[in-house]
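Trainee: Could you take a close look at one part of this model with me, the open sheet? I would like to see how its strands are arranged and what sort of chain surrounds them.

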Amino acid sequence: MPADPTVRFAAVTVRRGGPDVLHAVDWEVRPHERWVVIGPNGSGKTTMLQIVAGYLHPTEGTVDVLGCRLGRVDVRELRRRIGMSSAAVSKMLRPELTALDAVMTARHAALEPWWHDYSADDRAKALGLLGRAGLAAAAGRPFGVLSEGERQQVLLARTLMADVELLVYDEPAAGLDLGARERLVGRLDEVARDSTAPPSLFVTHHVEEIPPSFTSALVLRGGEVVAAGPIEESLTSATLSDAFGLPVRVSRVEGRFLARASRG
């Protein structure tokens, strides 16, 4: 029998006094799938991640995450099973915290090292994750003085520190220069290719940021699903043109997607 979905949205609607932020969304994430969620501003991408991470409940419909139905589970416990990298997490980390401690504290979903005890193995794992990101030399530097690209790599290492069952990336490449973006995409791709890694969700505005090994795509527009499924079928010129409201030409070179407005 196939494994139960890691995430399941059934007729999910989110309403906040105006037009629906999400409207009747059906969506499933299966174990070992790597999903990109893409769409214009206001399409509902971040709202979906907030629901998945247990920070928001739907107005209508049901959501199951890691076998737990939202509304019937202690979301504080659920969040410990999810590794999340986002601007919100970055803002919560004290600037004086070292890069090593920023990663290591994720072992207990904490923000400060004095709240829990950490073993030599915890420290070694955190150092190893920083090393694989090319940041071993920055382990003792304050998080607040790192470059934006280095901070994003630290946040990615932080998501991998705990034994989580779902990885969530909310626009991790936003604001990065070309070099920092490519290094981050390479590291995300390395993680995604690991067959033992948990399923992942990656929100972005830009197809160029999608790691080559991602398997699936959810395209949103105005809170509704334009396309969802295997990435080569869902991330097309037609679906992105529909989502962004202008003619878009999508191509793929060496596994990486490119998109530009179509002229003529």
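**The open sheet and its setting**

Mentor: Happy to! Keep in mind that this is a predicted model. The open sheet is built from 4 strands, and reading across it gives the order β2-β1-β4-β5, with antiparallel pairing. The edges belong to β2 (22-29) and β5 (68-69); each has a single partner strand, so one side of each is left without a neighbour in the sheet. Now look at the pair formed by β1, residues 7-14, and β4, residues 60-65: these strands run antiparallel and are joined over 5 bridges. For a handy place to centre your view, pick Ala-10, which stands opposite Thr-62 in β4.

Let's zoom out to the chain that holds this sheet. In total the chain has 9 helices and 12 strands. A compact globule of 264 residues would have a radius of gyration near 18 Å, and the chain agrees with that because its own value is 18 Å. Along the principal axes, the C-alpha atoms fill a box of roughly 55 × 45 × 40 Å. Among contacts with a separation of 6 or more, 62% link residues that are 24 or more positions apart.

As for burial, 51% of the 264 residues count as buried. The accessible surface of the chain is about 12300 Å², and carbon and sulfur atoms contribute 51% of that area. If you are thinking about electrostatics, the chain carries 31 positive and 33 negative side chains, and the centres of these two sets are 2 Å apart.

Note on methods
Residues are numbered from 1 along each chain as its sequence is written. This is a predicted model: local features need pLDDT of at least 70, side-chain atom pairs count only at pLDDT 80 or more; totals for chains, interfaces and linings use all residues. Side-chain values use heavy atoms; hydrogens and water are left out. Helices (H or I, at least four residues) and strands (E, at least two) are DSSP runs, numbered from the N terminus. The radius of gyration is taken over C-alpha atoms; the globule rule is 2.2 Å times the number of residues to the power 0.38. Buried means under 20% relative accessible area, exposed over 50%, partly exposed in between (1.4 Å probe, protein chains only). Contact means heavy atoms within 4.5 Å. Accessible areas come from the Shrake-Rupley method with a 1.4 Å probe; for residues, only the protein chains shown count as cover. Lys and Arg count as positive and Asp and Glu as negative; His and the chain ends are not counted. The place of a charge is taken as NZ of Lys, CZ of Arg, CG of Asp or CD of Glu. Two strands pair if DSSP finds at least two bridges between them.
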